[in-house]
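Work through the exercises below with the sequence and the model at hand, and compare each step with the solution that follows it.

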Amino acid sequence: MSNGCQEKVNGFAKRLALLHHWNALLVALLVFSGLLLFSSSWKELLGEAKIWIKWLHIIIGLVSILPGLAYLGSAARHWQMLKGKPWQRLHIIVVLWLIIGWFSSGVLLWQFQAMGPAVSNAALLVHDVLIWIGLPLILYHSLIKLGRLKNLRQHQSEGYGRFYTRKDFLRTVIGAGLAISVAPALIKWIGDLGSGPDRAENEEEANRLLPVPQPSADSSPPVGGGASGSFRSYSVTRLPYFTNDNWFFTLNGLVEKPITWNWEEFVALKRSVQVSNFHCVTGWSVYNNTWEGIPLKELLAKAAVKAEARVVKLYSGDGVYTDSLTLQQADMDDIIVAVLHDGQPIPKDLGGPVRLIVPQMYAYKSVKWLNRIELIEEDHIGYWGQRGYEQDAWVQG
Ligand SMILES: Nc1nc2c(c(=O)[nH]1)N[C@H]1C(S)=C(S)[C@@H](COP(=O)(O)O)O[C@H]1N2
Ligand SMILES: [Mo]
């Protein structure tokens, strides 16, 4: 081989190595931010920061297609080079499919509003399944590389790990992975030390107020036939704790007759049953939920809303989460202040004892631990609205 030719080959190898390097970095960032978003224990701790991590994840995701595209220019030549190395060829194919699958399902998830729930559900499934295929492959690949690096010290002088060697990189990857899996438990444990044993004792009975609401005939067995799908429990705070002593439901603001109910009074109110689908903007849905509770419009009627009221402001008992509906939207028959789901009291992590259900809108309108409704004149932008979600939450299709 002539010198010139040798140089070309080296240049090509360097180009591939550089692409691999960038791809590895971007994929690592995506895996970490993705796991942070996925893990329910982190979600509770992240609260606020979640929206930023989500944006970071989306932006890095969009950028991450670039090394893949750049690789396509070299793919034919690389393929030739891998003649007689079927495993390496398979590796390339798997990686390209992972990138294509993650990227396209990610774009669909990002554009959920244009896609509708059916497409989002499928995209989320693909996104998640690829993680459970891709993550073990990535870890395996990284560990093999780490082992090989021990015999390849001169790699560093070859110019593609000058500031930050691959070994450093892999160490960081593995360290961060461990931190991500262990940290929430640790932080929670430290937090619990401060709050004493009372909290742990109450944890079992929390939000199970007495008397237990008795399901009507339509709820038990549920007319909807039982929900299909599973809720991913979301909370921007730690779960709030209620007992019969500290739970009240208040309806006030621009009304003729402000009302406060305690639990005994609240469970005595006349309830209706309603079957609906539940869609989160992140792509998951739960179908055919049978909810039993007080229709919002009936509740509002009890307080006699004043003419100047325009907006229904919804407060969570967690003290942080709020949202709102226009009075016109709040008039929809299927909106329900729910106390039972499929004939059972709503579990505390799903917003029990009382949560709102707005079937025709994305679930961020369905305020959990609902304990106050205030009628107001001006607009109110709720928790997620302030963080970039559309005020208009209609589910299409
Ligand atoms: N108080 C409160 N209500 C909330 C939320 C929350 O974080 N806190 N998340 C909303 C979002 S985005 C969704 S998808 C649903 C999730 O309901 P689940 O936790 O019962 O699955 O609750 C909505 N209501
Ligand atoms: Mo959501």
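**Charged side chains: exercises with solutions**

E308 is found in the loop that runs between α10 (296–303) and β5 (311–316), where helices (H or I, at least four residues) and strands (E, at least two) are DSSP runs numbered from the N terminus. The model is predicted, so that local features need pLDDT of at least 70 and side-chain atom pairs count only at pLDDT 80 or more, while totals for chains, interfaces and linings use all residues. Residues are numbered from 1 along each chain as its sequence is written, chains are lettered from A and ligands numbered from 1 in the order in which they are written, and side-chain values use heavy atoms, with hydrogens and water left out.

**Exercise 1.** Classify E308 as buried, partly exposed or exposed, and state which residues gather with E308 in a patch of negative charge.

*Solution.* Begin with the classes: buried means under 20% relative accessible area, exposed over 50%, and partly exposed in between (1.4 Å probe, protein chains only). E308 counts as partly exposed because its relative accessibility is 38%. Next, recall that patches are made of residues with over 30% relative accessible area and no salt bridge, like charges being joined within 9 Å and nonpolar side chains (Val, Leu, Ile, Met, Phe, Trp, Tyr) within 5 Å. On the surface, E308 gathers with E256, E377 and E378 in such a negative patch.

**Exercise 2.** Locate the two partners of the salt bridge between D128 and R232, and give the exposure of each.

*Solution.* A salt bridge is a side-chain nitrogen of Lys or Arg within 4 Å of a carboxyl oxygen of Asp or Glu, and by this rule the count comes to seven. The side chains of D128 and R232 meet at 2.9 Å, N to O. This pair links distant parts of the chain, 104 residues apart, with D128 in helix α7 (residues 117–149) and R232 in the loop between α8 (166–202) and β1 (248–253). D128 counts as buried at 16% relative accessibility, whereas R232, at 30%, is partly exposed.

**Exercise 3.** Which residues are linked with K297 in a network of salt bridges?

*Solution.* Take the pairs in turn. D331 and K297 form a salt bridge at 3.8 Å, N to O; D331 lies in the loop between β6 (322–326) and β7 (336–341) and K297 in helix α10, so the pair ties together parts 34 residues apart in sequence. D333 and K297 meet in a salt bridge at 2.9 Å, N to O, and D333, in the loop between β6 and β7, is 36 residues apart from K297. D333 counts as exposed at 62% relative accessibility, while D331 is partly exposed at 43%. K297, D331 and D333 are thus linked in a network.

Notes: Areas by Shrake-Rupley, 256 points an atom, 1.4 Å probe, with all protein chains shown as cover. Lys, Arg positive; Asp, Glu negative; His and termini not counted. Charge placed at Lys NZ, Arg CZ, Asp CG, Glu CD.
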